[in-house]
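Here is a short walk through a structure you may not have met before. Have a look at the sequence and the model first, and then we'll go through some details together.

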Amino acid sequence: MTIAKDPTTAPSASLLTLAYNEQALVRAVQATSLHDPIARRLRELGFVPGEPVRIVAKGPVGADPLLIQIGFTRFALRRAEAARVLVETAL
Amino acid sequence: MSAVSTADTLRIALVGNPNCGKTALFNRLTGSRQKVANYAGVTVERKEGRFADSNGRNVQVLDLPGAYSLAATSPDEAITRDVCMGKFPGEAKPDLLVCVVDATNLRLHLRFVLEVQRLGLPMIVALNCSDLAQRRGITIDRARLQKELGMPIVETIAVRAGGTQTLVQQLSLAKPAPPPALPDGSDLHAIVNRMLSNSVTMPTRTAAVDDALDRVLLHPVFGLAILTAVMFLMFQAVFSWATPLMDGIDAGVTATSSFISNLMPDGILRSLIVDGIIAGVGSVVIFLPQILILFLFILALEESGYLPRAAFLLDRFMVGAGLTGRSFIPLLSSFACAIPGIMATRSIQDPRDRIATILVAPLMTCSARLPVYALLIAAFIPAKTVWGIFSLQGLVMFALYFAGIVSALAVATVMKMWSGNRAEHTLMLELPSYRLPSPMNLALGLWERAAIFLSRVGTIILTLTIVLWALSSFPAPPAGATGPAIEYSLAGQIGLAMQSIFAPIGFNWQICIALIPGLAAREVAVSALATVYALSSTSGDAESALLPLITAQWSLATALSLLAWYVFAPQCLSTLATIRRETLSWKIVAISAGYLFGLAYLASFITYRVALALS
């Protein structure tokens, strides 16, 4: 799945680009359509701007799904779900 | 309020995120005083219980399904939302909500508290797992948090006896005023973060033990190896530990039927009780030990937090076949019996994934197929060794199991290609912290499963058994008849009529007749065959007497064809009844029965023709 990038803001990558255990902060959750229940649910689960996030495990086939640490919780997200989360890596 | 509660009863509901320990708290509060049923018109489990508060007042407590948000994305969450809002038909709005939060996961759980707060109901927050939080060095300024939230907070430890005392005492006090409403459009995450920074100090974000365990258990290689070992141990237990218990039940059933046979005069009533009810119900109850051992494993793995990890490891494999990682548990249970397997699909939130799992669950080789497989393999497959180490009989048995799994994956793949709905299926599965399973929760869970299984035996299976007994017993053979009685019965006539349909796949009329009582439960076909071949089915050892007879009378092609039939055919009305109960749809029942019979006929036809051509 491709992520539309807005060229006017600082470049940000999706959660998929993070290395294993690399620290990052959530920048935004991008909806793929006007009413994207998955994006909404991700925000409810705590994927909100400024939250620290990292990949703590990868599925055995094609690194799918990913296990994401967000807040104090771990969620297994399929790659299409994780692609909606835009992150910035700490400098 | 949609219903006025009586003065001496308080109606409360437990709400909270999944994995907050809500059900453990419910178990601790109510003990065995609980009632498990379904919400009207849906297959979401409704758990209600009661207990007395410190003043002796009766408290009725409803354990609502776990929810991440009131903006529901699954039937479970919709129930929670509707009951809390007093909108669910037939459910009174609760007098008070107890919002359960895990003290080690406040970031996520407090957000839900704030969402529930908007409903304007009196609320109490139960700060659960407060012992774990303490051990992890998390300190919570309860007084301050209480003030910020505007509702009472009590600390609970659901896994410890007496760990709910604080909640019971709080409930005995005057009902708290509903918390003040938050302004519209407030950023709940921001409010939670402010509360956390004011009232909570947290040394680390994760528990060290979770990190360590996940590194091994979710490792791409070791993780899968450990999962395989766990599954192997489980099947070993189901099939070997259960044997003595099953032999015991078998002996009990045989003793009961011979006791009643001696007590009653020969006649229709004795035949109904002995051949119909005791034999029929006994043939299903015998699987209770296997089902309980299987569920003991599943409950322990679930309580410990391992099962969601298994779903994580297997998700990609299952998605490839049009299922989901969450399908793993129901399909696993189906190896013991499809009935608990289909019931376990309730944990799959996506309705499409759930239906797909229900449709393929009957293809898993349930233990009721074993007697049939064992009989046919012993009769027709020579006991020789191939390639030096493998027993040919064992290989055939393995092939039958394997055929079930492969066809389930194939069927799910075909269904995925056919379904027009291309909307994204979601996983978003929380992997909770590891914890030791509590014996009390295991015992209550097992008791619940056993009660569901036995009540089904007492209702649906009992009814079907009596109907099938009647079909096989009436009309009675005419005076001077020489053939076995069943040949003259309705079932016999149906069997003879069926023969023209089943001749192309090599079934003789005796097999056709045996298939009819075999609809009650697969293994009943063995005793039915014995009856057809004029053996006494109460002699106990029907199988060994039957063996030489069918070896002499059937061709190898017929035997293989019957084996292929049993891999697919829905020879189990209880499974179809369970599908109906779980989906509330006759259409799904028709689809499963139709495709399974179709596949069975096709597989038997190919097997029979190929075997004939080769012999």
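## The second largest cavity

The second largest cavity holds about 70 Å³ of space. A cavity here is a set of points, on a 1 Å grid over the protein atoms alone, where a 1.4 Å probe fits but cannot get out, and its lining residues have an atom within 4 Å of a point. Grid points are joined across faces, edges and corners, and the volume is the space filled by probe spheres set on the points. This is a predicted model, where local features need pLDDT of at least 70, side-chain atom pairs count only at pLDDT 80 or more, and totals for chains, interfaces and linings use all residues. Residues are numbered from 1 along each chain as its sequence is written, chains are lettered from A and ligands numbered from 1 in the order in which they are written, and side-chain values use heavy atoms, with hydrogens and water left out.

What kind of residues make up the lining of this second largest cavity, by class? There are eleven nonpolar, no polar and no charged residues. (Ala, Val, Leu, Ile, Met, Phe, Trp, Tyr, Cys and Pro count as nonpolar, Asp, Glu, Lys and Arg as charged, and the others, Gly among them, as polar.) Among the lining residues are B:Val372, B:Leu376, B:Ile511, B:Leu529 and B:Tyr566. Four helices of chain B each bring at least two residues to this lining: H16 (369–380), H20 (509–515), H21 (524–532) and H23 (556–568). Helices (H or I, at least four residues) and strands (E, at least two) are DSSP runs, numbered from the N terminus.

## The largest cavity

Counting cavities of 30 Å³ or more gives six. The largest cavity takes up about 160 Å³. Its lining has 18 residues, and B:Phe287, B:Cys337, B:Ile339, B:Ala368 and B:Cys572 are the ones nearest its centre. By class, that lining splits into 13 nonpolar, three polar and two charged residues.

Helices H14 (338–344), H18 (439–473) and H24 (573–583) of chain B each give at least two residues to the lining of the largest cavity. Domain 2 and domain 3 of chain B each contribute at least three.

## Domains and confidence

Chain B comes in three parts: domain 1 (9–205), domain 2 (222–374 + 387–420) and domain 3 (459–614). These bounds come from an automatic or database domain assignment. The C-alpha centres of domains 1 and 2 of chain B are 36 Å apart.

How confident is the predictor about chain B, going by its mean pLDDT? The mean is 86, and 96% of the residues of chain B reach 70 or more. (pLDDT is the predictor's confidence in each residue, from 0 to 100.) Over residues 1–5 of chain B the pLDDT drops below 50, and this stretch has nine contacts beyond near neighbours in sequence, a contact being heavy atoms within 4.5 Å. Among the elements of chain B, H21(B) has the lowest mean pLDDT, 74, while strand S5 (residues 96–102) has the highest, 96. Chain A averages 85, with 85% of its residues scoring at least 70. In chain A, residues 1–10 are below 50, and that stretch has twelve contacts beyond near neighbours in sequence.

## A sheet with both chains

One open sheet has seven strands in the order S1(A)-S6(A)-S2(A)-S3(A)-S4(A)-S5(A)-S12(B), with antiparallel pairing. Its edge strands, S1 (13–14) of chain A and S12 (429–430) of chain B, each pair on one side only. Two strands pair if DSSP finds at least two bridges between them.

Inside this sheet, S4(A) and S5 (residues 73–77) of chain A run antiparallel and are joined by five bridges, with A:Leu67 opposite A:Ala76. A:Pro65 is found in S4 (residues 64–70) of chain A, and the peptide bond leading to A:Pro65 from A:Asp64 is cis, with omega near -5°. A:Ala63 is not a glycine, yet has a positive phi of about 50°.

## Hairpins in chain B

Strands S2 (residues 34–38) and S3 (residues 45–52) of chain B run antiparallel, joined by five bridges. Their hairpin has six residues between the strands, and B:Gly41 takes a positive phi near 80° there. S3(B) also pairs with S4 (residues 58–63) of chain B, antiparallel over six bridges. That second hairpin has five residues between its strands, with B:Gly56 in the turn at a positive phi of about 80°.

Notes. 1 Å grid on protein atoms, 1.4 Å probe; cavity = no way out; pocket = protein on both sides within 12 Å on 5 of 7 lines; lining within 4 Å.
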